[in-house]
4 protein chains.
Amino acid sequence: MQSRGCVIGGAMTDVKGDRSKAPHQQTDPDMFVHVTRRTDDGVYVSGAKAHQTGCLNSHWLIVMPTMRLGEADKDYAIVGALPVDADGITYIYGRQSCDTRSMDGDLDAGNAKFAGQEAMIVFDDVFIPNELIFMDGEHEFAAMLVERFTCYHRRSYVCKSGVGDVLIGAAATVADYNGVDKASHIRDKLVEMTHLNETIYSTGIAASYQAEEMKSGVYLCDDMIANVCKHHVTKLPYEIGRLAQDLAGGLMVTMPSQKELEHPELGDLIKKYLQGRPEIATEDRMRIMRLIENMTLGRNAVGYLTESMHGAGSPQAQRIQIARQAQLGFKKALAKTLAGIAPDTADEIAGDLADYMGRVFQASGESE
Amino acid sequence: MQSRGCVIGGAMTDVKGDRSKAPHQQTDPDMFVHVTRRTDDGVYVSGAKAHQTGCLNSHWLIVMPTMRLGEADKDYAIVGALPVDADGITYIYGRQSCDTRSMDGDLDAGNAKFAGQEAMIVFDDVFIPNELIFMDGEHEFAAMLVERFTCYHRRSYVCKSGVGDVLIGAAATVADYNGVDKASHIRDKLVEMTHLNETIYSTGIAASYQAEEMKSGVYLCDDMIANVCKHHVTKLPYEIGRLAQDLAGGLMVTMPSQKELEHPELGDLIKKYLQGRPEIATEDRMRIMRLIENMTLGRNAVGYLTESMHGAGSPQAQRIQIARQAQLGFKKALAKTLAGIAPDTADEIAGDLADYMGRVFQASGESE
Amino acid sequence: MQSRGCVIGGAMTDVKGDRSKAPHQQTDPDMFVHVTRRTDDGVYVSGAKAHQTGCLNSHWLIVMPTMRLGEADKDYAIVGALPVDADGITYIYGRQSCDTRSMDGDLDAGNAKFAGQEAMIVFDDVFIPNELIFMDGEHEFAAMLVERFTCYHRRSYVCKSGVGDVLIGAAATVADYNGVDKASHIRDKLVEMTHLNETIYSTGIAASYQAEEMKSGVYLCDDMIANVCKHHVTKLPYEIGRLAQDLAGGLMVTMPSQKELEHPELGDLIKKYLQGRPEIATEDRMRIMRLIENMTLGRNAVGYLTESMHGAGSPQAQRIQIARQAQLGFKKALAKTLAGIAPDTADEIAGDLADYMGRVFQASGESE
Amino acid sequence: MQSRGCVIGGAMTDVKGDRSKAPHQQTDPDMFVHVTRRTDDGVYVSGAKAHQTGCLNSHWLIVMPTMRLGEADKDYAIVGALPVDADGITYIYGRQSCDTRSMDGDLDAGNAKFAGQEAMIVFDDVFIPNELIFMDGEHEFAAMLVERFTCYHRRSYVCKSGVGDVLIGAAATVADYNGVDKASHIRDKLVEMTHLNETIYSTGIAASYQAEEMKSGVYLCDDMIANVCKHHVTKLPYEIGRLAQDLAGGLMVTMPSQKELEHPELGDLIKKYLQGRPEIATEDRMRIMRLIENMTLGRNAVGYLTESMHGAGSPQAQRIQIARQAQLGFKKALAKTLAGIAPDTADEIAGDLADYMGRVFQASGESE
């Protein structure tokens, strides 16, 4: 698929209905994607997958279960690939902040080159042929599938550090255009933005470096660090965005539209009064502010902020996973030893110590 | 004016041009509002005031200098009142995030009842009659005017705690609709939002309580605390907004528009798949999410976030003012005394101590 | 008592034993202070009160219940006054960080003038005469007593802003002595310390200003704000302390003792090599660093940090109280109204609105 | 040296005197270690190195310049090795918080097994033979030497994540002993501590993974990430320590000493009243609290907190280095391109892009 240049969307998030009930217990069985009927050639599925980023510009979808399943949920334990234009699929496109702004001119858009989109995908008896089915009924593997997919997905949020670099650049540019780039508090805020952004970058890199080889030969990221990375992504972009707004100044949200700038009478007034440093065109000053608006309030704020919060699992999901891997038993033993308290079981500690040190010194599957 | 129900806009912020130069040094003299000519009946002013919140729904404007002025800036030392529809005024309306959304239906608007707006006000030879001139040439009082106006204005940002209460209510409602309002982490986030919001409220209240009576009989807020209040307002609403987005869930930015909801075919699919708790109408769930979108990314985010940052002075302006009033000399003397170092001047300390204690125990001008 | 200059300690915190059990259910009845026997003249009590700050320099103690009590806990519902040297009382003095340092010389002590101390008070059949008993068996008022005492007590932690002023002064002095007081990052850190410290101060002031008069004529602080104040005290002194250590430099924890400074040979080496700005005596530079050590690691760190955390209730206790008073029902109604959702009960909202506005505009018991 | 098991201390930090002057401009030339005279066999040095951690348990010292040097500072451009017991060296041992506590019994010490120490090293005409001199007069390399040493040193502060693991373990243990380990807020605080601690760990790992091979074959850490790692170490341990104190409870600073516990009468009272969960010995509960005291206020707080702040450069030193490497020019070009502003120089950007991507995708010196 990679050599053909195909984009595949991993469609995982079911709409879930009543969250206190398992899939097979729902009043409406379609709250989770499931097999509705089978033929010799394949299966038919119904249900919906929510929040699917980029599905409209993908070539294929792979539907997957969204959570741990039990025996009674067997029909929900379905993984299969289908082309995005398969019969029976309906895409319901989401509204975004400032979505219609794209039609108001490239200046007002802020970033007229790139944006993202999400859609809800409704499956109404969509066919998956046997050769594209990768799981069918093996419910006992659903939890492991979700956990591993999530581990990769959380680590992948390191991508927001690239977006952060653009926002740091925009903030540095607007400070420059405002003529305040030498002020110590401005420089310090750019340092803070960089420190936070590099924290996202570094935790992503470390999660990959500490990946472990699995039997298949594929490497799986360090689950703890992948979660730490994503958890930072649920907070730090908001602070980076806040600092960018600080540097931009209030004009970012009070300046007139492109139509006014291009208006025969108003245009001159705007150019006269919104001039910053004399050698910078007022239009350029407006453009960089519109970019910051786009990234902190507009279309790209959806991806940089809210999706950073909820994509690949909301903050609490990471906290649960961090708790699971915190090795508290071993850490308690370390503390007790130093405090002069007899730890509970010496043997167990020795094994834990090997694991603990192994993670640090024998990463990348180099051990054995 | 109060008994007549009139709204008066205090128009202070000049566009400033080259920030390294005084008003009279600017290449274009209109970078600050100034007197262009005088008659027996009054004066004519030209220039522009930026970011004027609510000017279009005010009855009167009062123009005021924006900063310390010198002898050579005398023509800029003008304070006067004018009706908002005086001849020669042009309002250039600002674009806001999601501004055109208001025309797409009340659900998509998020809050179809209230919003704010800013405009730039351009003055082209606008007349102010003598009886409405309150300062004309007394440049030496410009700095004091700005400082006192700012003190009130910064304290007035306590209003954002009222907006915060709405956002806390919206977050509590969406948690309720999502069926997760009993989860401990959800409850804890609502506590955090409340703690932060009450911090804004309390610092505002304290700034007023510690007001001092001036010779005129008017009370002026405690300048230190007014700045502390406003400084919190440049940060805490962003964190409160982030937590509201956490509770809302990703659907807040991926759900379809009102048009789709009202579409004969898609409407039923949306109602089926976006149902939260069964007793809550899907539309209501969408409405509360659209309100949170409105307050954290849309039209009201302009007022709740970016204007909270820059209105009444950007963060650094408060830090400068906090530094000025930090009484570091006295605090150093306290520390030296306790450390066994001879403080510099015993007499000075005694006076400072009286001031310091007076602020705490004789607030509200009750002393003497 | 006030006119006699007497100090009274309010002894509330029982040692509690098994926290999952009520007082009367404890294996050892002494886990909560309780009446052991009664005579015509009074009662005898046994048990212990923990963490009693300043009890050794008090004149009287008032024992009080530590939590909500039931019918079966009647003997624990005892409030009474006793002189600190009553028969049957044992004080067990607590160790503090660097406690023995006081004996090593005034320089090493950091603050040779003031410190605090805590002790555990053990009551072994201690007599309280009838005329000094204020509650005996009225278990149904125990919860209210605790809540009101706590409200005052949490608000009283505003005192830490006074300690904070000293630490700010010490940090400003050490920056001065190191010759870096003009550096922008140093000045900014002093501003940050001040902003945080004034936040504690302001929330304390606001809690008192919004006090409500009770039937007795006594004013009770605003419970929400008192909790917000104390909750800040559990965090901000740690950050203020961290910033003080930042300004102090590493010498604060690596410099030699007073004995070395006074040593005939080493003293000269120390004076030569630890000289900061030439006009400042090396000893003074050491003194101010020792004060910062004292307040962030030593004896006064006990009061400024850890006691700020746990005194008058640990952080979670404030969060519970903030949750109780968050008026979430009313705030939800505000949000629903703005979002175009019919709120649940219009009548109830009107009443809530009056309460809500009353808190803001009719504070200080001026209403009615 | 490694195979012989030798410890070498890299002695860099001069005492610096008047910080506004270069070494050769100081009134007292000994403010920086320098060559005092030369013989055929080697050189003699005088001066002092401050804050030298672990020098008393090292075998060798290597003295190095502490900052950029000019032509006139040639005698200060000296790097050489000497045994710790060389003639003419005086060690002046530093006081630490709670240092004498070690003599009061192992329980009170908190951690009776490990601690660290710093000393000031005074050199009075100490000889370094020619064969152990690695720089003598090559002042133009002093800045590079400091920068590279610092890059390793800052990355090495990842060690504090190991100390953090012990503190997390101690906090989890004390929650357990207090019987509150299942409370959601307790569990959440352990997650927060872990999240912060793993952030230190991950940034350290990433700095090493992105190391680049130098001509000598030695790898040098990624300087940006090494600084980000150290910068986190100046803050996060303080917050981890604060949370540990939160979980410990106030008893941590109010409980009596080991002497009282071992006292024939008081011991029984203490055991009775300070009992937590019945199956845990009161002494063990005291031991774990003393360990937390040791790490957040006592001897090991010196290393875990204050030295984390200042070792390998104070916070501002990292911010300067982060600023230097922020590639702001390139990031501005990214922002301008997206905003529709013509970037300044297309050619330059192409080169920058290669560097930027190279850092991400060709790390570990695999290129060329």
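**Exercise 1. Start from one ion pair at the B/A contact and work outwards to the whole interface.**

D108(A) and R95(B) form a salt bridge, with their closest N and O atoms 3.0 Å apart. This comes from a predicted model, so keep in mind that side-chain atom pairs count only at pLDDT 80 or more.

Step 1: count the charged pairs. Between chain B and chain A there are 8 salt bridges.

Step 2: widen the net to polar contacts. The rule picks out 29 residue pairs across the interface of chain B and chain A, both partners at pLDDT 80 or more.

Step 3: sort the residues by type. The side of chain B that touches chain A splits into 24 nonpolar, 22 polar and 17 charged residues.

Step 4: get the extent. Chain B brings 63 residues to the contact and chain A brings 64. Together they bury about 5,200 Å², and carbon and sulfur atoms give 62% of that area.

Step 5: find the big contributors. R95(B), R242(B) and Y273(B) supply 17% of the area that chain B buries against chain A, more than any other three residues. So R95(B) turns up twice, once in the salt bridge with D108(A) and once in this trio.

**Exercise 2. Work out how chain B and chain A are related.**

Step 1: superpose them. A turn of 180° with a shift of 0.0 Å along the axis lays chain B on chain A, at an RMSD of 0.0 Å.

Step 2: name the relation. That is what a two-fold axis does.

Step 3: check the surfaces. The same surface serves both copies, as 100% of the contact residues of chain B recur in chain A.

**Exercise 3. Describe the contact between chain C and chain B.**

Step 1: size it up. Chain C gives 58 residues to the contact, and chain B gives 58 residues too. The buried area is about 5,100 Å², with 64% coming from carbon and sulfur atoms. On the chain C side, H195(C), R319(C) and L338(C) supply 13% of the area buried against chain B, more than any other three residues.

Step 2: go through the polar part. There are 10 salt bridges between chain C and chain B. One to look up in the viewer joins the side chains of D176(B) and K332(C), at 3.7 Å from N to O. Polar contacts come to 18 residue pairs across this interface, both at pLDDT 80 or more.

Step 3: map the chain C side onto helices. Those that each supply at least two residues include α3 (160-177), α4 (184-209) and α13 (328-339). The most comes from α4(C), with 14 residues.

Step 4: sort by type again. The side of chain C that touches chain B divides into 29 nonpolar, 15 polar and 14 charged residues.

**Exercise 4. Locate the axis that relates chain C to chain B.**

Step 1: superpose. Chain C goes onto chain B by a rotation of 180° with 0.0 Å of shift along its axis, giving an RMSD of 0.0 Å.

Step 2: find the C-alpha of chain C nearest the axis. That belongs to A206(C), 2.5 Å away.

Step 3: compare surfaces. Here 100% of the contact residues of chain C recur in chain B, and the same surface serves both copies.

**Exercise 5. Is T282(A) buried or exposed?**

Step 1: place the residue. T282(A) sits in helix α10 (residues 282-296) of chain A.

Step 2: list the neighbours. Leaving out residues up to four places away in sequence, T282(A) touches I270(A), K271(A), L274(A) and Q275(A).

Step 3: apply the cut-off. Buried means under 20% relative accessible area. T282(A) has 4%, so T282(A) is buried.

Methods
Residues are numbered from 1 along each chain as its sequence is written. Chains are lettered from A and ligands numbered from 1 in the order in which they are written. This is a predicted model: local features need pLDDT of at least 70, side-chain atom pairs count only at pLDDT 80 or more; totals for chains, interfaces and linings use all residues. Side-chain values use heavy atoms; hydrogens and water are left out. Contact means heavy atoms within 4.5 Å. Buried area is the accessible area (1.4 Å probe) that two parts lose on being put together, summed over both. A salt bridge is a side-chain nitrogen of Lys or Arg within 4 Å of a carboxyl oxygen of Asp or Glu. A polar contact is a pair of N or O atoms within 3.5 Å; within protein, one must be able to donate a hydrogen and the other to accept it, and residues adjacent in sequence count only if both atoms are side-chain atoms. Helices (H or I, at least four residues) and strands (E, at least two) are DSSP runs, numbered from the N terminus. Ala, Val, Leu, Ile, Met, Phe, Trp, Tyr, Cys and Pro count as nonpolar, Asp, Glu, Lys and Arg as charged, and the others, Gly among them, as polar. Copies are superposed by least squares on the C-alpha atoms of residues with pLDDT of at least 70 in both. Buried means under 20% relative accessible area, exposed over 50%, partly exposed in between (1.4 Å probe, protein chains only).
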